[in-house]
Amino acid sequence: MLCTAILMPALTACSIPRIAGRAEAEQRQSPCEKAYFDATADNKIAHDQHQHIIRRYFSAQQAVSAWTNTAAQCPARFAEGTLRSAQARHMARALGDQLSVAVAPITLSRFDDVESLDVDSKSLATAAQAEDRAGFAMEVLAARNSGHATLDISDRHKTTSQRFASFSGTIDDRRKTYEATALLAHPDTMLDSATGLTAPTDATIEMNCARSEITAIAGSSNAANDHSQSRVTNAKQSTDSRAQSLGVLTGLIADRVELALDWGYPSFDEALFA
């Protein structure tokens with residue numbers, strides 16, 4: 001018994017000291033985890049038809065922001081965050097109509113206040129081509145008075161294309177004009193090769209533009225790994241810059257997706273996540 005009494009204090013004294021705040025830090029959600037948790041929670045309420053429509057409407061609005069944050073903070077979820085954000089916008093608009101809430105018309109953003117993007121040159125060049133193709137297609141449809149196409153929408157795509165090309169800093173290999181045979185043959189509805197679904201032609205053009213950009217950006221690297229732009233040496237600064245750039249991009253691409261949905265492109269998951 002005496003030996004046990006002598007040994008116990010010695011064992012206690014040799015135990016590993018607890019690092020203050022470590023357990024709490026390990027339990028704290030990262031910005032990515034928090035954004036995704038908030039997005040899925042808001043999304044669930046917005047889609048729950050047992051909830052009051054007003055609660056669903058506000059949850060859909062909150063989901064827009066939360067999914068945008070998810071795309072910005074979780075690069076691996078960029079595609080999901082962007083498409084879900086557009087879905088949530090579409091749902092909020094539909095619920096707002098039921099509640100007679102005035103909703104602003106959908107306008108394609110154009111990078112008017114953006115000076116640079118923390119994304120590699122190749123991805124930005126690919127996005128420039130996607131916008132250029134969409135601008136050309138909208139110009140063709142507008143000339144034929146087909147669908148919702150207007151010269152303003154065409155110009156917005158072309159302006160965005162030019163900004164992407166400028167940000168990329170690479171040789172500009174956009175064609176400006178593209179094959180229009182299929183477009184002229186099917187100005188009202190067309191088969192979407194990505195899904196096998198028939199959808200309005202103007203909506204399919206917007207959706208395909210968004211898909212090309214999502215694929216390019218989701219697989220992109222940031223500017224810190226790109227010799228064509230200045231390197232960012234501070235890790236936190238690099239992370240913040242990257243997140244800010246992805247947030248800008250997800251908002252711009254979600255504009256295209258929301259417009260496609262508003263024009264009649266199917267909004268269910270199998271159509272969007274093809």
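Two strands are taken to pair if DSSP finds at least two bridges between them, and helices (H or I, at least four residues) and strands (E, at least two) are DSSP runs, numbered from the N terminus. The model examined here is predicted, so to speak of local features pLDDT of at least 70 is needed, side-chain atom pairs count only at pLDDT 80 or more, and totals for chains, interfaces and linings use all residues. Residues are numbered from 1 along each chain as its sequence is written, and side-chain values use heavy atoms, with hydrogens and water left out.

A good place to start is the hairpin. Strand E1 (residues 189–192) and strand E2 (residues 197–200) pair in the antiparallel sense over 4 bridges, with Thr189 bridged to Pro200 in E2. Between the strands lie 4 residues, and Gly196 takes a positive phi near 80°.

Turning to the interior, the largest nonpolar core (buried Ala, Val, Leu, Ile, Met, Phe, Trp, Tyr and Cys residues joined through side-chain atoms within 4.5 Å; buried means under 20% relative accessible area with a 1.4 Å probe, protein chains only) has 51 residues. Those touching the most other members include Phe111, Phe164 and Leu249. Helix H6 (121–143) is among the helices that each supply at least two core residues, and H6 gives the largest share, 11 residues. Beyond its neighbours within four places in sequence, Leu249 is in contact (heavy atoms within 4.5 Å) with Phe78, Phe111, Leu117, Val119, Phe164 and Ile217.

Conventions. Buried means under 20% relative accessible area, exposed over 50%, partly exposed in between (1.4 Å probe, protein chains only).
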